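Let's take a walk through a protein together, one step at a time. Have a look at the picture first, and then we will go through it in words.

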Amino acid sequence: MKGRFYGGGMNIAPAQDRKADTLSIVVYHCGSKMKALKVFPDIFKGTHTSHKEMVAIMTGKEIEVKFNEPCALQIDGETVLNVSSYKVKA
């Protein structure tokens, strides 16, 4: 994330500054679908980050993500198929 918001107002990376020379990556993970759904509305307020057991936020100037198998990736509403990795630099 270069900005704080996506998807019509989801404050997924509340500490991210669009003017900064860093990027944020947010990993939302949970073994329980019910708990994940319960916490999901907090994303709109940016308070989901208080759930350290299910939200990890990392920052860097260059981030590379690699997938175990090719998957679809969405960038600015556009879908790119069969992506196995991607890299972004601030």
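What volume does the largest pocket have? Its volume is about 800 Å³. Keep in mind as we go that this is a predicted model. Around the largest pocket there are 22 lining residues, and those closest to its centre are Met1, Tyr6, Ser24, Gln74 and Tyr86. Try finding these five in the structure.

Which strands help to build the lining? At least two residues each come from β1 (23–28), β3 (62–75) and β4 (78–89). Of these, β1 gives the largest share of the lining, with 6 residues.

Now let's step back to the whole chain. The protein chain contains 2 helices and 4 strands. If you follow the sequence from its start, these elements come in the order β-α-α-β-β-β. A box of roughly 30 × 30 × 25 Å, taken along the principal axes, holds the C-alpha atoms of the protein chain.

What about contacts along the chain? Take the contacts between residues at least 6 apart in sequence: 44% of them join residues that are at least 24 apart.

Next comes the surface. The protein chain has an accessible surface of about 6600 Å², and carbon and sulfur atoms account for 54% of that. There are 13 positive and 9 negative side chains, and the centres of these two sets lie 5 Å apart. Of the 90 residues in the protein chain, 23% are buried.

Let's meet two of the buried residues, beginning with Ile43. You will find Ile43 in helix α2, which covers residues 42–45. Is Ile43 buried or exposed? Ile43 counts as buried because its relative accessible area is 3%, and the cut-off for buried is under 20%. Leaving out residues up to four places away in sequence, Ile43 touches Met10, Asn11, Ile12, Tyr28 and His48. For a sense of distance, pick out Gly77, which is 34 residues from Ile43 along the chain: the C-alpha atoms of the two are separated by 19 Å.

One of the residues that Ile43 touches is Asn11, so let's turn there. Asn11 sits in the segment before β1. Its relative accessibility is 6%, and therefore Asn11 is buried too. Apart from neighbours within four places in sequence, the contacts of Asn11 include Arg4 and Phe5, as well as Ile43, Phe44, Lys45, Gly46 and His48. His48 is also among the residues touched by Ile43.

Definitions and conventions:
Residues are numbered from 1 along each chain as its sequence is written. This is a predicted model: local features need pLDDT of at least 70, side-chain atom pairs count only at pLDDT 80 or more; totals for chains, interfaces and linings use all residues. Side-chain values use heavy atoms; hydrogens and water are left out. Buried means under 20% relative accessible area, exposed over 50%, partly exposed in between (1.4 Å probe, protein chains only). Contact means heavy atoms within 4.5 Å. Accessible areas come from the Shrake-Rupley method with a 1.4 Å probe; for residues, only the protein chains shown count as cover. Lys and Arg count as positive and Asp and Glu as negative; His and the chain ends are not counted. The place of a charge is taken as NZ of Lys, CZ of Arg, CG of Asp or CD of Glu. On a 1 Å grid over the protein atoms alone, a cavity is a set of points where a 1.4 Å probe fits but cannot get out, and a pocket is an open set with protein on both sides within 12 Å along at least five of seven lines; lining residues have an atom within 4 Å of a point. Grid points are joined across faces, edges and corners, and a volume is the space filled by probe spheres set on the points.
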